[in-house]
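Subject: Structure handover

Hi there,

As promised, here is the structure for you to open on your side. My notes on what turned up in it follow just below.

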Amino acid sequence: MTDPKGGTGRRAGPRRRAENTVVLNHRSASHIPGIEPHRHALQVHRRLPCYRATPLLDCPDLAAALGVARVWVKSESSRMGLPSFKMLGASYAAYRELCHLLGSEPEWSDLAELRTALAPLGGLTLMAATDGNHGRAVARTARTLGYASRIYVPAGTAATRITAIESEGAPVALIDGDYDEAVRQCARDAGEGCLVVSDTSWRGYERIPAWVIDGYATMFWEVHEQLPDADRLIDAVAVPVGVGALASAAVRHFRGRARAAGARLIGVEPVGSDCVGQSVRAGHPVIIPGPHTSIMAGLNCGTPSRLAWPLVERGLDVLVAIDDELAREAMRMLSQAGIVAGETGAAALGGLLALRDGRQAPQAIKAAGLRPDAQILVISSEGATDAAAYEQIVGHPPA
Ligand SMILES: Cc1ncc(COP(=O)(O)O)c(C=O)c1O
């Protein structure tokens, strides 16, 4: 593995904005041939004991607030035993890499058989850098498979997030730097017997992050089972964006299949770490220097994933950067709809609120497909990952 260099981005100049911003992507294509997602991850996830589809909820009050016909929220507040969607990518990527090391995919039907099949590989340590959720998912995957793990977090990571990772049995290294620095340190420390399961990618390290994106596909296939006519019904999809891996899965699903080509895709980032939006604006990947301090901790990333960039560049129609107050407002609205969403989880809804109220509203609403008769899919990607912060913002503890 070569050292991560923070992607291929060029550094953006120092910049601090507090305003929500909207970037309309004039290069987006409605159908991108050759990126159709497969269902293999869904087949693997279904064999894991903790797997169950997460709910897809019809939210009429949110639809009324946004001025659209229907809002469907895919709530990832509890996914395979953890409070975010991240287990989908961590478990599938680790599984594929272990199969790769074995030389072929073994036959297995339950966890005991899988562990037996993996025994020839001996002991391993799974490693990852994280803002919280991905690292916890890697640590949980390691524990489930009987491996050790070691997780790297950036300076400023909330103590509750560190404790949650440690509760999975992983030692946590607190890095004196931002998320990108944690990614670099993790890669530097990976020695013999270590497997870095990163959700972001860099030159020379793309196989595992590609499988992370494949793993996220399960979430979108579930939507089809829950809403069989989803390809015809869904007019727009809003997703939170950190390094862009989740958004890439959305692009593959809604842009890679000709049948779904009508849906608009909206990516939402925090102001101050909107690396994908600024890259789309510039027409090439740019790095937004840290520190990144949004309460939307999972989105505090300054560098688009090298693997995600070509997909999000052509697949996302609108990028919105929102301030923390909109994330808080979205958390409260989701709570009233009966959905527990943490700061990062609520970001996608926050982005839609910004589109309605922003100065560019008419063009942005049109580009985002937010018509009065539209049906919108909102990805609420995490539950209350910090219960104390949740209570402070929403006014009551997570249910
Ligand atoms: C809860 C949650 N939502 C969304 C994201 C963004 O995903 P990506 O970094 O793939 O863009 C993250 C990333 O950590 C996350 O933890």
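A word on terms before the ligand comes up: the domain bounds I use come from an automatic or database domain assignment, and a residue counts as near a molecule if its C-beta atom, placed from the backbone, lies within 6 Å of it. Please also keep in mind that this is a predicted model.

Where does the ligand lie with respect to domain 1 and domain 2? Both domain 1 (21-83 + 209-394) and domain 2 (86-204) contribute residues to the shell around the ligand, so the ligand lies between them. The shell holds 21 residues, and the closest are Gly 242, Ala 245, Gly 298, Ser 381 and Glu 382. By type, the shell splits into eight nonpolar, nine polar and four charged residues. At least two shell residues come from each of helix H5 (133-145) and helix H10 (245-255). H10 has the largest share, with three residues.

Now to the two domains themselves. The assignment divides the protein into domain 1 (21-83 + 209-394) and domain 2 (86-204), and their centres, taken over C-alpha atoms, are separated by 24 Å. In the contact between them, domain 1 takes part with 36 residues and domain 2 with 32 residues. On the side of domain 1 that touches domain 2, the elements giving two or more residues are helix H1 (40-46) and helix H8 (207-226). H8 gives the most to that side, with eight residues. The residues on this side of domain 1 divide into 18 nonpolar, twelve polar and six charged.

The sheet is the other part I would like you to look at. It is an open sheet of seven strands in the order S2-S12-S10-S9-S13-S4-S3, and the pairing is mixed. S2 and strand S3 (56-58) stand at the edges with a single partner strand each, so one side of each has no neighbour in the sheet. On average, neighbouring strands of this sheet are turned by 20° against each other, direction ignored.

Helices also pack against this sheet. Helix H11 (residues 275-282) touches S2, S10 and S12, and its direction makes about 135° with that of S12. H10, which we met in the shell around the ligand, lies across strand S9 (236-240) and S10 and runs at about 160° to S9.

Strand S12 (residues 318-322) is worth a look of its own. How many of the residues of S12 are buried? Five of its five residues are, so to speak, under cover: the strand is mostly covered and each of the five is buried. Val 318, Val 320 and Ile 322 point one way from S12, while Leu 319 and Ala 321 point the other way.

S12 has a partner on either hand in the strand order. Strand S2 (residues 21-24) runs antiparallel to S12 and is joined to it by four bridges, with Val 23 opposite Leu 319. Strand S10 (residues 264-270) runs parallel to S12 and is joined to it by five bridges. In that pair, Ile 266 stands opposite Val 318, and Val 268 stands opposite Val 320.

Happy to go through any of this together.

Best wishes

How values were computed:
Residues are numbered from 1 along each chain as its sequence is written. This is a predicted model: local features need pLDDT of at least 70, side-chain atom pairs count only at pLDDT 80 or more; totals for chains, interfaces and linings use all residues. Ala, Val, Leu, Ile, Met, Phe, Trp, Tyr, Cys and Pro count as nonpolar, Asp, Glu, Lys and Arg as charged, and the others, Gly among them, as polar. A residue is buried if 20 or more other C-beta atoms lie within 10 Å of its own, exposed if 12 or fewer, and partly exposed in between; C-beta atoms are placed from the backbone. Two strands pair if DSSP finds at least two bridges between them. Axes are lines fitted to C-alpha atoms, for helices over the stretch in contact, and angles run from 0 to 180 degrees between N-to-C directions. Two residues are in contact if their C-beta atoms, placed from the backbone, lie within 7 Å.
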